[in-house]
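Q: I'd like to learn how to read a small fold step by step. Could you walk me through the one shown here?

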Amino acid sequence: MRFNHKAGDKMFVDFTGKKLAIIDPATGLLKEMEVFIAVLGASGYTYVEACRSQNERILLGA
């Protein structure tokens with residue numbers, strides 16, 4: 001099903017269900033990271049970022 005969105009009207013955000021496993025270069029330990037995704041409705045442009053947790057302060061860069 002296709003939806004038409006007006007430019008600048010909608011942005012869809014969520015976290016993926018699965019976590020991303022990365023190796024910390026400083027310690028060599030395996031860390032699990034949350035994966036944040038945002039998609040602009042009209043253009044479909046996508047932004048993806050790995051975060052330590054779903055904590056609001058971490059997402060805002062505070």
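A: Gladly! Let us begin with what counts as a strand: a strand is a DSSP run of E with at least two residues, and the runs are numbered from the N terminus. By that rule, Ala50 sits in strand S4. Please keep in mind that this is a predicted model.

Q: How many helices and strands does the protein have, and in what order do the elements run?

A: The protein has one helix and four strands. Read from the N terminus, the order is β-β-β-β-α.

Q: How do I read the pairing between strands, and which bridges could I look up for S3 and its partners?

A: Strands count as paired when DSSP finds at least two bridges between them. Strand S3, residues 30-40, pairs with strand S4, residues 46-51, in the antiparallel sense over six bridges. To find that pairing on screen, start at Ala38, whose bridge partner in S4 is Tyr47. Strand S2, residues 20-23, also pairs with S3 in the antiparallel sense, over four bridges. Here you can look at Ile23, whose bridge partner in S3 is Leu30.

Q: Which residues take a positive phi in the two hairpins?

A: In the hairpin of S2 and S3, with six residues between the strands, it is Gly28, with a positive phi near 80°. In the hairpin of S3 and S4, with five residues between the strands, Gly44 takes a positive phi near 80°.

Q: Is Glu34 buried or exposed?

A: The cut-off for buried is under 20% relative accessible area. Glu34 has 11% relative accessibility, so Glu34 counts as buried. This residue lies in strand S3.

Q: What does the side chain of Glu34 meet there?

A: The side chains of Glu34 and Gln54 are joined by a polar contact of 3.1 Å. Setting aside residues up to four places away in sequence, Glu34 touches several others, including Phe15, Lys19, Glu49 and Ala50.

Q: And how does Ala50 compare with the cut-offs for burial?

A: Partly exposed covers the range between under 20% and over 50%. Ala50 has a relative accessible area of 39%, so Ala50 is partly exposed. Beyond its neighbours within four places in sequence, Ala50 is in contact with Leu20, Met33 and Glu34. Gly28 makes a useful reference point: Ala50 and Gly28 are 22 residues apart in sequence and 18 Å apart in space, C-alpha to C-alpha.

Q: How many aromatic pairs does a search of the whole structure find?

A: The search finds one. The ring centres of Phe15 and Phe36 are 5.6 Å apart and their planes stand at 65°, so this pair is edge-to-face. Phe15 belongs to strand S1, residues 11-15, and Phe36 to strand S3, so the pair ties together parts that are 21 residues apart in sequence. Both phenylalanines, Phe15 and Phe36, are buried.

Q: What do the overall numbers say about the shape of the protein?

A: A good start is to set the radius of gyration beside that of a compact globule. For 62 residues such a globule would have a radius near 11 Å, but the protein has 15 Å. The C-alpha trace spans about 45 × 30 × 15 Å along its principal axes.

Q: What share of the residues is buried, and what surface does the protein expose?

A: Buried residues make up 15% of the 62. The protein exposes about 5400 Å², and carbon and sulfur atoms supply 56% of that area.

Definitions and conventions: Residues numbered from 1 in each chain as written. Predicted model: local features only at pLDDT ≥ 70, side-chain atom pairs only at ≥ 80, totals over all residues. Heavy atoms only, no water. Buried < 20%, exposed > 50% of the residue type's maximum accessible area, 1.4 Å probe, protein only. Polar contact = N/O pair within 3.5 Å; in protein donor to acceptor, adjacent residues only side chain to side chain. Contact = heavy atoms within 4.5 Å. Phe/Tyr/Trp six-rings, centres within 6.5 Å; stacked < 30°, edge-to-face > 60°. Rg over C-alpha atoms; globule rule 2.2 N^0.38 Å. Areas by Shrake-Rupley, 256 points an atom, 1.4 Å probe, with all protein chains shown as cover.
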